[in-house]
Each structure stands twice: as C-alpha cells, then as structure tokens.
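Work through the following exercises with the structure open beside you, and try each task before you read its solution.

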Amino acid sequence: MSRNSYDFVILGAGVVGMTIAQEIKKRFPGQSVLVIEKESAPGKHSSGRNSGVLHSGIYYPPNTLKARLCNQGAAEMARYCRDRKLPLSNLGKILVTTRSEDTTQFETLVQRAAVNGIEVSRLDEKQLKAMEPEARSATGEALFVPQTSVVDPLAVLSSIVADALDAGVEIRYGHSIGEVDVARKELRGPGFTVKFGHVVNAAGLHADKVAHSFGVGKCYTLLPFKGIYWKLRQDSDIKVRHLVYPVPDLRVPFLGVHTTTSISGDTYLGPTAVPAFGRENYAGLQDVTAAELMRIGGLLTQQFLYGRDGFRRLAWQEGRRYFKPWFAQAARAILPRLRPADLIPTGKVGIRAQMLDRVSGRLVNDFLVESGEASTHVLNAISPAFTSSFPFARFIVDTYLS
Ligand SMILES: Cc1cc2nc3c(=O)[nH]c(=O)nc-3n(C[C@H](O)[C@H](O)[C@H](O)COP(=O)(O)OP(=O)(O)OC[C@H]3O[C@@H](n4cnc5c(N)ncnc54)[C@H](O)[C@@H]3O)c2cc1C
C-alpha cells in the first residue's frame, strides 16, 4: 500500500519539477519526496514539446535569473548529455537582423553577451555568406554564438526521471490535484489524499491556478502562446548548417521564427507565438472551454488596447502566422529563398507557460518564484527553463527550501 505522507511533494513531472525533486533528495537524503503528475507519463507538455536548444544566455538583461542561470545550465546540460551518452549536437547559432532598425537591439545583444560572459563573434556580409549561404541580414551584420547545442528533450527528461527514481523519489502518474487544504497540509484529488511538509508547485501551464489555491501569486495569470513548427522538406535545395535566428524584439519573451535542426537531422522552422485558445490547446478545439476562452480573450483585448511593449505589433504579426503564407513570410526574413512549398506541416506544437502581471499589465519576462505557507511556486518557467533546469533547481532549494 502506498504511503500518504511526504516531507516534500512536487506537483508536475516536467524538467523543472524533476530536477527539483532530484536536488532535494541529494541535499536531504533522509527526507521523503513524492512527485504528483496529472498525465500518464512525463514530457506531455513543454518539457517534451520544445525546440531542444541549449541556449547560451545572450538575450537576457544582466542580473535577471535567466542571465544568472542559463549559461551555467547549458554547460551542465551538455555535460550531462555527454556523461549519459544522450544525443547532443553543437551546431552554433547565427543571429541576423531582419530590419534596418534592428541595429540597436543587435548592439544590445553584443553588450549583454560581454556582460553575461558569452563568447560571440561579429560576422560581416562576406563571412555570413561563407558560413550560412542561405541566411540574410538586413544590415549586413550577423552574430555567431558558438556555444549553442541541440538535445533530444524527451530523452533528457526520461534520463532525469530515471535518476530521480534511483535516488528514491516516488512518482505518481495520472493524479490530479483537486483541493488544497493549507491548514491541514493536505492535497486531495479523485480517490487520494496526501499529507505534505512542503509543496513545490512546478505545474507549468497550470502553475498560476495551483499557486492561487495556496493563496499565492494572485496578481499573475497565464496567457498561453502557441508555438507551431513547420518542417523544411528534405528535398528542398535550401540547406542550413547552424541554428539561424532573427535578432528578436527584446521587449517580449519570444525569439521570432527561426530554424532548429533537431538531433534527427530534420530542420524545423518556428515556433510561432500565436495566442492559444486554451492552456493545452495543441490542436483544433482541444482544451477550449467557454470560461477559458473568455478569460484569454479578455486578457488579449486588454493587452491590445493598452498596447504596451509593442503588443499590438506582436498580435498583428503573430496572429497571421497561423496561416502558411504569413508564416513563410516570417521565415523568409532570415532565409530569403524559402518558398511556401519548402515547408511541410508537422504535429510539433508547444504552448508557453507565459504569465501576465495583472497589476503592471505586462508579460513577465524573467523566471518567477513565489513562496507561501509551506509551499514554493515556480511561475513563468518559460524558455530557457529547460536549458537552465539544473542550476535553477539548486537556486530554488538554496533560496526557498534550505
Ligand atoms: C514551443 C516551445 C519551445 C521551447 N524551446 C525551448 C528551448 O529550445 N530551450 C529551452 O531551454 N527552453 C525551451 N522552451 C521552454 C521549456 O520547454 C520550458 O521552460 C520547460 O520545459 C518548463 O518545464 P516545466 O517542468 O516547468 O513544465 P512542463 O514540462 O509543462 O511540466 C509541468 C508538468 O506539470 C503537470 N501538471 C500540471 N498541473 C498539474 C496538477 N494540478 N497536478 C499534477 N501535475 C500537474 C503537467 O502535466 C506537466 O507534466 C520552449 C517552450 C515552448 C513551449
């Protein structure tokens, strides 16, 4: 019979929850750790549906959690993959400008790279052509970031899950939390009750709702953005050697349509950042409810009316990318010879667990951790939380659980 009382209960068996579970067991070997996961297996959401890129950390303003954790996380994750003989491909990233106005953002990236300790080299038009013949830069300048690799995210997560089980972490799949009784330190769901010493909420797309049930993070609410990918036809005469990214709008937490050559060798273009109509609205009307539709629609309308941080431009630009011709147009900004016929649809879709701060009316850009009574809540575990997961877990245990 399974026990019903644990020192630590983690909600969510994504990469964030599992690395935290493992870190707790490493620090406090005598303490019991249970992970509760609502799906039948790990990796059904962001951790199994992302681009698999180990980001260098070039994008993030110094002193943010992302800047502090990403570079270190990429190095640790790459080492982990090498140690465990998991697929790892060090392709390097090339960033190109897509508009003449991108010069300021380009220079900001160069400065951030220097402050964040990330190796980059500037490329002129001739060097860009030699390294990546299909790519185009609007201003003639590009940036090469050699420390950027690609992994198989599901293989990494499965390996971390196996390590955690070996260390004595218990996992219950197919269990969803319905009710939280903070005073009695009890979590209840259909047919089960679990007592906890401390809960860590790593519930990704549902983290705001879970936090609210603990009376925490009430000013944050999830605004889901869908990342749709298209695949470059294998017989296309367009070939890319690196990961090719546009210089992004640094006011929003999205990187723009880019190329990712996966471990299998297939090149994907995407992801978009189009609004999703539900938290798990991966296809069609999946997970669309009237209440969520109204909540999301209301938030989007508000954001559109306020027009903060270039939201109107983002909405107009991204909304159209649901449709192939507009998606192809975005992709042509980095690969000008690309035609719609070069792209084939894929089932590869991920949804970002993006939080909106209702008080400031702004999309939250950094990782966010809030604590409550006997609980810690990981909110806004957006990209690059996969890359950063090992040091992020240490940061959470050091700051909130020790
Ligand atoms: C399209 C896309 C591309 C991305 N690309 C990259 C990239 O290239 N590199 C990078 O570093 N990052 C990338 N990211 C971000 C990265 O995938 C996430 O930051 C990371 O996976 C977050 O992990 P998580 O454990 O917080 O969330 P998840 O993987 O979503 O895990 C949360 C888990 O909680 C479970 N859960 C939810 N509610 C409950 C509940 N009430 N009870 C029990 N369980 C619950 C869910 O079923 C889920 O398994 C990308 C994200 C997206 C969407």
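**Exercise 1.** Find which residues of helix 1 meet which residues of helix 10, and then describe how the two helices cross.

*Solution.* Begin with the contact itself: on the side of helix 1, the residues V15, V16, T19, I20, E23, I24 and R27 take part, and they meet S389, F390, F392, A393, R394, I396, V397 and L401 of helix 10. Sorted by class, this contact has ten nonpolar, two polar and three charged residues. Keep in mind, here and in what follows, that this is a predicted model.

Next, take the geometry: helix 10 covers residues 389–401, and its axis comes within 8 Å of the axis of helix 1, with a crossing angle of roughly 55°. Angles under 35 degrees count as roughly parallel and 65 to 115 as roughly perpendicular, while an angle outside the named ranges counts as oblique. Helix 1 and helix 10 are therefore oblique to each other. As a last step, note the handedness, for helix 1 passes helix 10 in a right-handed crossing.

**Exercise 2.** Carry out the steps of the first exercise for helix 1 and helix 5, and decide how these two helices are oriented.

*Solution.* Start with the positions: helix 1 spans residues 15–27 and helix 5 spans residues 153–166, and the two pack at an angle of about 30° with their axes 9 Å apart. Since angles under 35 degrees count as roughly parallel, helix 1 and helix 5 are therefore roughly parallel to each other. The crossing of helix 1 past helix 5 is left-handed, whereas helix 1 passes helix 10 in a right-handed crossing.

Then list the partners: V15, M18, T19, A21, Q22 and K25 belong to helix 1, and they meet L157, I160, V161, D163 and A164 in helix 5. These contact residues divide into seven nonpolar, two polar and two charged.

**Exercise 3.** Turn to helix 2 and helix 10, and work out from their angle how they lie to each other.

*Solution.* The angle at which helix 2 and helix 10 pack is about 120°, and their axes are 7 Å apart. That makes helix 2 oblique to helix 10. In helix 2 the residues L69, Q72, G73, E76 and M77 meet S389, F390, P391, F392 and F395 in helix 10, and by class this contact consists of six nonpolar, three polar and one charged.

**Exercise 4.** Describe how the chain is divided into domains, and say what meets where the domains touch.

*Solution.* The division gives domain 1, made of 1–86 + 151–224 + 363–402, and domain 2, made of 93–146 + 229–352. Their C-alpha centres lie 27 Å apart, and 26 residues of domain 1 are in contact with 28 residues of domain 2. On the side of domain 1 that touches domain 2, helix 2 (65–83) and strand 13 (220–222) each supply at least two residues. That side of domain 1 has 14 nonpolar, ten polar and two charged residues.

**Exercise 5.** Where does the ligand lie with respect to the two domains?

*Solution.* First look at the surroundings: 40 residues surround the ligand, and the closest are G12, G14, G204, G227 and G350. Helix 1 and strand 19 (343–352) are the elements that give two or more residues to this shell. The shell has 18 nonpolar, 17 polar and five charged residues. Finally, compare with the domains: domain 1 and domain 2 both give residues to the shell, so the ligand lies between them.

**Exercise 6.** Locate the cis peptide bond that joins G270 and P271 and the one that joins S383 and P384, and then find the loop that holds D287.

*Solution.* Between G270 and P271 the peptide bond is cis, with omega about -10°, and P271 is found in the loop between strand 17 (267–270) and strand 18 (274–275). Between S383 and P384 the peptide bond is also cis, with omega about 10°, and P384 lies in the loop between strand 23 (375–379) and helix 10. As for D287, this residue has a positive phi of about 60° although it is not a glycine, and D287 is found in the loop between strand 18 and helix 7 (290–306).

Methods: Residues numbered from 1 in each chain as written. Predicted model: local features only at pLDDT ≥ 70, side-chain atom pairs only at ≥ 80, totals over all residues. Axes fitted to C-alpha atoms, helices over the stretch in contact; angles between N-to-C directions. Helix = DSSP H or I, 4+ residues; strand = E, 2+ residues; numbered from the N terminus. Parallel < 35°, antiparallel > 145°, perpendicular 65-115°, else oblique. Left-handed = near helix turned anticlockwise from the far one by under 90°. Contact = placed C-beta atoms within 7 Å. Nonpolar A, V, L, I, M, F, W, Y, C, P; charged D, E, K, R; others polar. Near = placed C-beta within 6 Å. Domains from an automatic or database assignment.
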